[in-house]
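Dear colleague,

Please find below the sequence and structure that I am handing over to you. My findings follow directly after them.

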Amino acid sequence: MEDYEIVKLFSIKSDLAIKEVEKKYGRYIYYICLCVTGRHEDAEECFNDSLYILWSRIPLSQPQSLPAYIRTVAYHVALGRMDYYNAAKVDGTSKLRIFTRITMPMISPMLFYLIITGFIGAFKAYSDAVA
């Protein structure tokens, strides 16, 4: 599939757009993420984040060159992910401190949401059992 067709699929929010980008540029995106992050786990997360950003931003930007746009998105996603962790490693921070000071604040909104919905679900189950 040609690049302009992929951009059209993105503009109508077709799921096929993500599949086509993965098929045509998947190894390219993953390689960029791996070169920047240096770890396969981080590269996989950056790969998925890059696809999400492509999904959400292409209809707005209408890029002239899809490979260049993809490269820019993947590179910046990988750099953004690694800035905090690399800075902590350079400072000699322990893994526990990295987890408590960097990772936990990043995932705390999701944890809060899961806790609240868990309590709501538990109270619903309780009220259904009592009633």
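I begin with Ser50, which, leaving aside residues up to four places away in sequence, touches Ile29, Cys33, Val73, Ala74 and Val77. Please bear in mind throughout that this is a predicted model. Ser50 belongs to helix 3. With a relative accessibility of 1%, Ser50 counts as buried, since the limit for that class is under 20%.

The contact between Ser50 and Ile29 leads to the nonpolar core. Beyond its neighbours within four places in sequence, Ile29 is in contact with Val21, Phe47, Ser50, Leu51, Leu54, Ile70 and Ala74. The largest nonpolar core has 25 residues, and those touching the most other members are Phe10, Val21, Ile29 and Leu54. Two or more residues of this core come from each of helix 1 (3–11), helix 2 (15–37), helix 3 (40–61) and helix 4 (66–90). Two of the contacts of Ile29, Val21 and Leu54, are thus named again among the residues that touch the most other core members.

I turn next to the charged side chains. The count of salt bridges comes to four, and three of them are described here, beginning with the pair in helix 2.

Lys23 is joined to Glu20 by a salt bridge in which the closest N and O atoms are 3.4 Å apart. Both residues lie in helix 2 and are three residues apart, about one turn of the helix. How accessible are the partners, Lys23 and Glu20? Lys23 has a relative accessible area of 64% and is therefore exposed, whereas Glu20, at 11% relative accessibility, counts as buried.

Arg39 takes part in two further salt bridges, with Glu41 and with Asp42. The N to O distance is 3.4 Å for the bridge between Arg39 and Glu41. For Arg39 and Asp42, the closest N and O atoms are 3.6 Å apart. Through these shared partners, Arg39, Glu41 and Asp42 form one network. As for accessibility, Arg39 is partly exposed, with a relative accessible area of 40%, and Glu41 is likewise partly exposed, at 47%. Asp42, by contrast, has a relative accessibility of 7% and so counts as buried.

Both Glu20 and Asp42 are therefore acidic partners that count as buried, and you may wish to view them alongside Ser50, which is also buried.

With kind regards

Note on methods:
Residues numbered from 1 in each chain as written. Predicted model: local features only at pLDDT ≥ 70, side-chain atom pairs only at ≥ 80, totals over all residues. Heavy atoms only, no water. Core = buried A, V, L, I, M, F, W, Y, C linked by side-chain atoms within 4.5 Å. Buried < 20%, exposed > 50% of the residue type's maximum accessible area, 1.4 Å probe, protein only. Helix = DSSP H or I, 4+ residues; strand = E, 2+ residues; numbered from the N terminus. Contact = heavy atoms within 4.5 Å.
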